[in-house]
Amino acid sequence: PTDDTFFAGESRELKSSEPDSHKEMNMKKILLLLCSLFPLMAHSAVTSESLCFELSETSPVKFELHTYYDEASKWSGGFVKYAKSNEPISIVLTDSENEILDPDAPWQHTRTWSEVVNGKVTGSYELMTQGSQIVSMSYTKQSNGKVYSFGINTSIDSSLESGCKWE
């Protein structure tokens, strides 16, 4: 048998032209590089948004929209919570489109969320923005197709933690 032939049960150490101390040093460098890059790969910020909408200034129909987006998994979802209710309603992003209306203006971004109650889609919310401006917000009721248009209320006190402080 030649030197590079192994037999069952036989153990041999392979000789390398590179000294062991250099191998260790290279392995340590590679491990250090991987460890330093891992936090950058593993860290993925979840962006969130909280907005307050109302049917009109005099209408009692008001809701807060909370959305979350995870860049790493490309997951997006959230909930809406109406002012007269203690229960949030789950929403799931079902469509997202960008449109260039004018090359000198920000893109128009339209996002549609399906409202899910007891495992069934009961309606959809559509938010249209252009840059940081909200162009429109509407809710379409699944059972009858009726569309309700809402306006943003920027004067209401709100935060991600506490939601909209309706008076």
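**Exercise 1. Determine how many helices and strands the protein chain holds, and in what order they run.**

Solution. Counting helices (DSSP runs of H or I, at least four residues) and strands (runs of E, at least two), numbered from the N terminus, gives one helix and 10 strands in the protein chain. Read from the N terminus on, the order is α-β-β-β-β-β-β-β-β-β-β. The model is predicted, with local features requiring pLDDT of at least 70 and side-chain atom pairs pLDDT 80 or more, while totals for chains, interfaces and linings use all residues. Residues are numbered from 1 along each chain as its sequence is written, and side-chain values use heavy atoms, leaving out hydrogens and water.

**Exercise 2. Describe the surroundings of Glu115, and establish which side chain of opposite charge is nearest.**

Solution. Begin with the location: Glu115 is found in strand β5, which spans residues 108-117. Next, consider burial and charge: Glu115 is buried (under 20% relative accessible area, where exposed is over 50% and partly exposed lies in between, with a 1.4 Å probe and protein chains only). Glu115 has no salt bridge (a side-chain nitrogen of Lys or Arg within 4 Å of a carboxyl oxygen of Asp or Glu), and the nearest side chain of opposite charge, that of Lys141, is 8.3 Å away. Then look for polar contacts (pairs of N or O atoms within 3.5 Å, one able to donate a hydrogen and the other to accept it; residues adjacent in sequence count only if both atoms are side-chain atoms). The Glu115 side chain makes one with the side chain of Tyr125 at 2.9 Å, and one with the side chain of Tyr139 at 2.8 Å.

**Exercise 3. Find which non-glycine residues, Lys74 and Asn118 among them, have a positive phi, and decide whether each is buried or exposed.**

Solution. Lys74, although not a glycine, has a positive phi of about 60°, and its place is in the loop between β2 and β3 (75-82). With 53% relative accessibility, Lys74 counts as exposed. Turning to Asn118, phi is near 50°, again a positive value in a residue other than glycine. Asn118 is placed in the loop between β5 and β6 (120-130), and a relative accessible area of 77% makes Asn118 exposed.

**Exercise 4. State what share of the protein chain is buried.**

Solution. Of the 167 residues in the protein chain, buried residues make up 25%.

Terms used
Lys, Arg positive; Asp, Glu negative; His and termini not counted.
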